[in-house]
Each structure stands twice: as structure tokens, then as C-alpha cells.
Amino acid sequence: MKTQKRNDKNKNRVSKKHPHLCMGMLVLTAMLAVVIAVQMVPGGSEDTSAATTPDYTIYLDSPGSTSGVTWDGTNTLRFDSGSNTLVYKITQNNSAQQSMNIIFQNNVATTVIISGINIAGNIELQGDATVIMLLADSNTIAGSILVPTGTTIIIDSASNPGKNSGSLKVTSSTSGFDAGIGGIGSATGNGETSGDITINGGTVTALGGKYAAGIGGGASGGNGKGGDGGTITINGGTLEAIGGGYVEGENAAGYAAGIGGGGSYNGAGGAGGNITINGGTVTARGTSWGTGIGGGASDGNGNGGNGGNITITGGNVTALGGGGAGIGGGWSVSKNGGNGGTITITGGTVYAAGATYSAGIGGSGSMLGAGGAGGTIIITGGAVTAVGGDLTNKKLAANGDLTYLATYGGAGGIGGGYGSFGYGKGAGAILTIDIGADVKAYSMANWSGGSKAPAIHAESISGTGYLVNASFDSVLSKTSAVRMDVYANGDVDPTKTLSLPSRYRDFAYTADSQRIDYVYAYLTSTDTTSTDAYCVIINGGANDGSKMINTVNDKTVTPVKLTPAFSYSITLDPMPVNGKIEWSTNNVDWRSFPGNGRSFMEHVSVLYLRAVEDAGYTFCCWKGDVETKNINPYVFSKRENITISAVFALGGGTGGVIDEDHLKEHEYYITATADAGSSISPEGTAVVKHGKNITFTFTAKPGYRITAVYVDGVAISSEDLASGEYTFFNVICNNTINVVSGKANNSDNGNVTGGGNNDGNGGNGEWAVLNLVCAILAVFTGIIAVIAGRDRFRKDDEEKRSKTALILRVLTLIIGIISVIIFFLTEDWNLPITPTDGWTLIMFILFLVTLILTMVSFRLDMGAKGKDEA
């Protein structure tokens, strides 16, 4: 009997605790769901933490020894092989400059994050050390990063690899001969060749010491040779490299490359080494007599350094020589200028300017010796501008201001350097220019106004790109720049628009024509009040298949004043399908239109247009600004702008033209396609009679939006796109229509494309994480309600259960299951995440209902229990 009472008491105790237990479980469930939701929602801003988590942090204003690192107690940190595979963060508590040297000893292979350091001293790699240096915040080194032969350094952004986040400024001592980043210099002996330097990201500024490169070889302060540039690779980030001991407010010693070889006081300049630029924004400047990218210079009894192997595949590159070449060899005072080396450009945007008898790309000049040879120059892609003997190039004066160089022109944009005072010129370049490259080159007269170097000076020419050179009479030596529109073949295409720099008289450019007989260049002053226009006519001579016209600038032409210069244009719109249009001035020599048309100058009195059908098709008629629709060829004699196209159809006809009766019964095919995120109706191939109309409607699928619709390869207007339909009127040829979609997002408002911009289920192209939270809470509440009340579901003579509570618990579970089903029907997990959408309120109400029903069922059970006990 006592045992039975004890069990009843325990039952009552457990029953009374059930509501608290269940509420605790509900709270725990809610907390877990919220945590899951928060983890799934993407952050609102970019993560700026380091890409690599440091194992140890070293504070330079209170350093100490740690694993792999030894502090000497004064001003030197040494990394040994115990640091291998570890990551260190080097920082300091305040911004005050610290007297500090950091040394990475032989056999070290480690990663350091430098974050906000400001030191006076060097960072030095020794032996075969390899260091990955990640940049966070702003860092300043009043010293050098010494990377001698055999060592390797890789510099990148810590928070955003490959980009320009995080900065580093390295300023080598002007009293020393070390590179900013690279080889160690010597006061009397040879400068040291740099090790392997790779820059993948970050914002990096490197200033070399006296005669030393910004990035590359160390210098010789005596009779030794300047150090070679070593292996330098730039893949991204923003980089500025200045050679030759430049410090703001001081006059630079010069004679070194911004990137490449170190210079020498009385010996030979160092070679550029192996320099590769694959991306990023790169500015390289040689101060007084230095080279932008390439060989170091000699201030005394030595030759300028060879440019080395320089390869540019991408990026935005500016290379300015302070006396030497923009890209190529180094300058020499007493001996010969440096050769250009092997320079390969396959992509990117490149501006290279030399100065003082030095080429923009190629060989450098000399004061008392011959100029350097142009070397081997290969340009297969990219946009390249090369300026020789640039009077607009600037140097830094003693007060730190930019001033014009007190130097002379006289060298070509591409080619060899020149010697002053009658000394010989260097050999021209072994030049390859392909048609995929956009090349512009300029040169000017030397200081005495005498001989001019050709804009492009080449010993031999190969490749597919045709070059045109010109030389202007002094009448065009204007102090302001002029705009020049160049027309190839004398009667057609404005292939180039060039801005001729001030005081330049020679130019060259690549042309995409297979045949260039004449070039017409209209020049007008940039002064809009001027009405003067000049025409330069260059006779290219016989078309013998050579790749360059006027290779060595053997003709000087006199501009002819025109009043006014006039042209008109033929535009192909739309571009013909299943055939093409050709043109001729004599109804014999037919040529294709490049692109979507071309301009014709006034001397073209008659133009013939011919429609040429593809195999299996026949010309139907002309469309556009023509009076007669079915004459082929068409004779065009009006001097006005026109738009024209040709229509081709399957099948026959007579005389190459389909007659009108045949056209009325002719059928055309319109092919309609849509990508995975959209649909179009009708889809597939629609057959349309000649002259009839047909309308297509397009719609986005759930979670997508229509981004573009292309008709015959041309995007339709925004108005047609918004309407969700497109109509082909008066169909007279085969056509195509293609629908392209993209993922929808919250910025897409309304049915821009016939209902395709939302997710189709009340959302905005994203799924709502709070809907998931509500669904989880609702179903867990139902499960907990059923589990918590299971002991009340048993038949018991001593306890009366509440049937209403049982029904409520079951109903709670059903509503929870329904909320989960609704979530999966209305949300697409493949879409981006958003906190809420149009279903969030409903989902919250469902959860709230389950919570209320659970609490009511607990209350009913408590009431039933109370009656039973009474």
C-alpha cells in the first residue's frame, strides 16, 4: 500500500513538472534554430581578416623569442628553420617607427603577415630562404627587402589575395646601393643579382637606392657591374617601382631601372633579367638616365645593360625612361647604349616612353657612344603605345616637383637607340607584329631639328599585322595635340583614330587591312575654334606582300590643306543572314565590309554594292535606304549616310533573284530557343509566310529573371524586354530569337518580363531563412507536444485524461508538418538567402498557432489532473 502511494506521488510530481520540461525543450529548439539560421545568412560586408590564420603574433615594439624566432634583445629578429610551415603575424602596438632588422635565415620556408609595421632597417632573406609575405593594413620600411640570388619572396594581399588590399612602401637608403626589393649593392664591387620575386597582390611601392633598381638588381658605386634583375613576376595588385635613389624632396642619382637591372657609377649596367607581367597595374620609372623596365645604366666607362627577357601578357603597364628606353636597354654616358633584349607582348595595355635618343620599346641611347640595338620585339596582342625621345616625359627635380626632362628626342617609338653628337645609331628591331595587336608608335626630331628617327625602325618584319609609317612636314609641328583620323585604302574605312602628341612629327600604326595602297590622314587642331584640316597622302607603292609599308620612313610628305574634309557612311543593319554584302568602286575588285559598315570619303563618286548568298540560298531583296529593292549589284551614287541590309531565302528563282509571285508563297523559318531559366512560346521552329507577322512571348521560370532577348544576335530594346513579347513584322527572311535568363534577386521589382522576376511563390528570387526557422519550430513544437503528453494517452483508472488536449496535440503536429510542406513548396534552396519574404508572416503565424495549441493542451491536462486529484 505504501509502495502504491509512493508511485502515485512520483507520478504527480512528474506530471506537474511536464509543462516546465516541455517549455524548456521548446526554448532550446528555438535557440538551436536561430543559431542555424544565423550561420546560414551571409555577412553584410566583406571579410577583411587575414586569409591565413597566424600561429604566432609578434609585436615589434615589445618583441620576444618564440617558436622558430629569436630576438637578440636590441634590434634584430631572426627566423630559423623552426618557423617552417608556421604562420606569423608581425605588427606593433603603436605607429612609431621601430629600429628593426628582420632576417630569414638559410633553410627557412615560412609565411608572415605584416600588419601596420613601421620600421627603419632591412628585411633580409639569406641562403635559400623562401618567404610568403601577406600585406594587411599600411606598412612602411625605411630600408630594403633584400632578396639575393637563391632566395624567393612572394608578396600578396592578406585579406584579398590577388587584389590591391594592404599596402607596403619600401624606401632604400640613398646613401647605399641596395635595390628597394631585390639584390644587395656594393660601394666598390659588383651589384648583386636579385633572387626570385613574385608579386600577386597588394599595393606595393619600391624605391631603389643610389644607382639601384626599384625592384631588381643592386648597384655598383665603383667600377663594378650593376646586378641583373633576376626573375621577377607580377600577377596582380598595384605596383610602382622607381630606380636610382629617388626620395621625395631630393635629386635622384638615377642610372637604374624601375624594374630590372641595377646601374653602375663607372662600370656596365646590369641586364634586366627575366621579367614577366601577367596582370595588375604596374608603373615603372627610371629617374635621371634610367630605364622604365629593363637594363641598368652606366654613369661612366661601361655599356648600358641589355633589356633581358621581358614578357607582358596582361595588366595595365606604364614604363617611363628617365633617359633610357621605356622598355628595353639601359643608357650609357661613355660607351654604347644597351640592346632591347627579347621583348614579347601578347596582351594588356602598355605605354612605354623613352627619352634622350632612347626608344620607347627597344634600345637605349648614349652620350658618347652608339645607341643600342632594338633587339627582338614580338607583339601579338594587346594595345601598345610606344614613344621615342619623349619630351613630355618628366623627372623629379631637386625640390620633388615634376618637371620636364632637359633632354632631347631623336629616337623611334620601336627600334634601336641613337648616339648623340654624330655617334652611330643602333640596329633596328627584329620585329614581329600580328594583326591581333593594336600598335601605335611616335617619334620626333632631335634637338637640332635635324634628322628624325622613324616611328618604327626595324631590320626585318614578320607577322600578319600591316604597318603604316608617315612623316609630316614642319607645318604640322603644333604645340598642341591634334586628332588624326586615318583612312586605309584611300576610299573607305576609318581604321584608326589617333591623338598625335605635341611636337611629334612621325607616327606608325598597325592596320587590319589585307592591302593598303594609300593612307589618308585628316588632322585638325584640338582647338574647336580652328577650321584648318590637313590631309597626308602616303603612296605605299606596289603591293608585293610585304608586311610593312615605308619600313624605314623613306618618304616625307607635305600635307595638303582641305576645305573641308567630308565623308559619309554605309551601315549594315541588321547584319545579313545566310549571305553577305560586298563593295567595289569599279564593279570588279569586290571587298567585304569589316564589322557593321564603313565610311567613304568624298572622292568616291560611285559605289557598287553586291549581295552574295551562301550555298543553298538566293538573294531576295534589299532592305533600308535604297530605291530599288531587287537589283543586284546595286549602284549607290548619293553622298549621304545610308543604312542597308540584304535578305536571303532558301530555294531558287531566276537570275539570282526571287520574283514577287514566288515571294508571296515563300516560307521562312524562325527558330526560337530559351535557356534553362526561361521559356518562350512558340518554341522551336516556326514557319511563316513571306510578309506575315508572328509574335513570341517569353517568361522567366521560378527563381529566375529574363536578362536579355536576342533577335538574330542583337539584343531587343528594354521596352520590348519589359513587355514580355516580341513581334516579327513583315517577315522576309529566316530569323532567330533566343531568351537568356539569370538568377533573380531582391533588386528585381515587379513583373519586368511577364512575371519572370520573382520566384513564383511569393518571394523575390531568394529563399527566406526565417521561414525555415518558423517551420522547424512549428514541427518541433508538435513533436514535443505529442511526446510530452504520451503518458496521458494511456487508459488509467486513477487518472482522467483530457480528450481535448489529445486532439490539440495531434493538431499541433499536423500544423507543424504542414508548415514544413509549405516551406518546401514556396522556397528554393538553390537561390540566394534573404531574411524574409512574402511568406514569412504566414510561416510565423503557423508556428505561433502550434505554440498556443501546445500551451492550451498542457493547461487542459493540468485541469483534468486537478479534478482527478480532487
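User: Let's fix one term before we start: buried means under 20% relative accessible area, exposed over 50%, and partly exposed in between, with a 1.4 Å probe and protein chains only. With that, what share of the 870 residues counts as buried?

Analyst: 50% of the 870 residues count as buried. Bear in mind that this is a predicted model, where local features need pLDDT of at least 70 and side-chain atom pairs count only at pLDDT 80 or more, while totals for chains, interfaces and linings use all residues. Residues are numbered from 1 along each chain as its sequence is written, and side-chain values use heavy atoms, with hydrogens and water left out.

User: Thanks! How many helices and strands are there?

Analyst: The protein has six helices and 64 strands. Both are DSSP runs numbered from the N terminus: helices are H or I with at least four residues, strands are E with at least two.

User: And the surface, how much area does the protein expose?

Analyst: About 36,100 Å², with carbon and sulfur atoms supplying 52% of it. Accessible areas come from the Shrake-Rupley method with a 1.4 Å probe, and for residues only the protein chains shown count as cover.

User: What about contacts, how much comes from residues 24 or more positions apart?

Analyst: Those residues account for 73% of the contacts with a separation of 6 or more. Contact here means heavy atoms within 4.5 Å.

User: On to pockets. How much space lies in the largest pocket?

Analyst: About 420 Å³. The search runs on a 1 Å grid over the protein atoms alone: a cavity is a set of points where a 1.4 Å probe fits but cannot get out, while a pocket is an open set with protein on both sides within 12 Å along at least five of seven lines. Grid points are joined across faces, edges and corners, and the volume is the space filled by probe spheres set on the points.

User: Which residues are closest to the centre of that pocket?

Analyst: P574, V711, D712, Y726 and N735 are the closest, out of 26 lining residues. A lining residue has an atom within 4 Å of a point. The elements giving two or more residues to the lining are β54 (642-650), β60 (714-715) and β61 (725-728). β54 gives the most, with four residues.

User: How do the lining residues divide by type?

Analyst: There are 17 nonpolar, five polar and four charged. Ala, Val, Leu, Ile, Met, Phe, Trp, Tyr, Cys and Pro count as nonpolar, Asp, Glu, Lys and Arg as charged, and the others, Gly among them, as polar.

User: P574 caught my eye. Which peptide bond does P574 share with D573, cis or trans?

Analyst: A cis one, with omega about 0 degrees. P574 sits in the loop between β47 (567-572) and β48 (579-584). N578 lies in the loop between β47 and β48 too, and its phi is near 70 degrees, a positive value in a residue other than glycine. N578 is buried at 17% relative accessible area. As background, most residues other than glycine have a negative phi, and most peptide bonds are trans.

User: What joins S681 and P682?

Analyst: Another cis peptide bond, with omega about -5 degrees. P682 is in the loop between β56 (678-681) and β57 (684-689).

User: Back to phi: what value does Y255 have?

Analyst: Near 70 degrees, positive in a residue other than glycine. Y255 is in the loop between β20 (238-243) and β21 (259-260) and is buried at 8% relative accessibility.

User: Which residues does V333 touch?

Analyst: Beyond residues up to four places away in sequence, V333 touches Y255, S298, D299, G300, S366, M367 and L368. V333 is in the loop between β27 (327-328) and β28 (342-345). Why does V333 count as buried? Because its relative accessibility is 18%.

User: Last topic, helices. How far does α5 reach?

Analyst: Helix α5 (residues 803-826) has 24 residues and reaches 35 Å from its first C-alpha to its last, close to the 34 Å expected at 1.5 Å a residue. The expected span is 1.5 Å times one less than the number of residues. Buried residues of α5 include L808, T812, I815 and S819.

User: And how many residues of α4 are buried?

Analyst: 14 of the 20, so α4 is largely enclosed by the rest of the structure. Helix α4 (residues 769-788) reaches 28 Å, close to the 28 Å expected.
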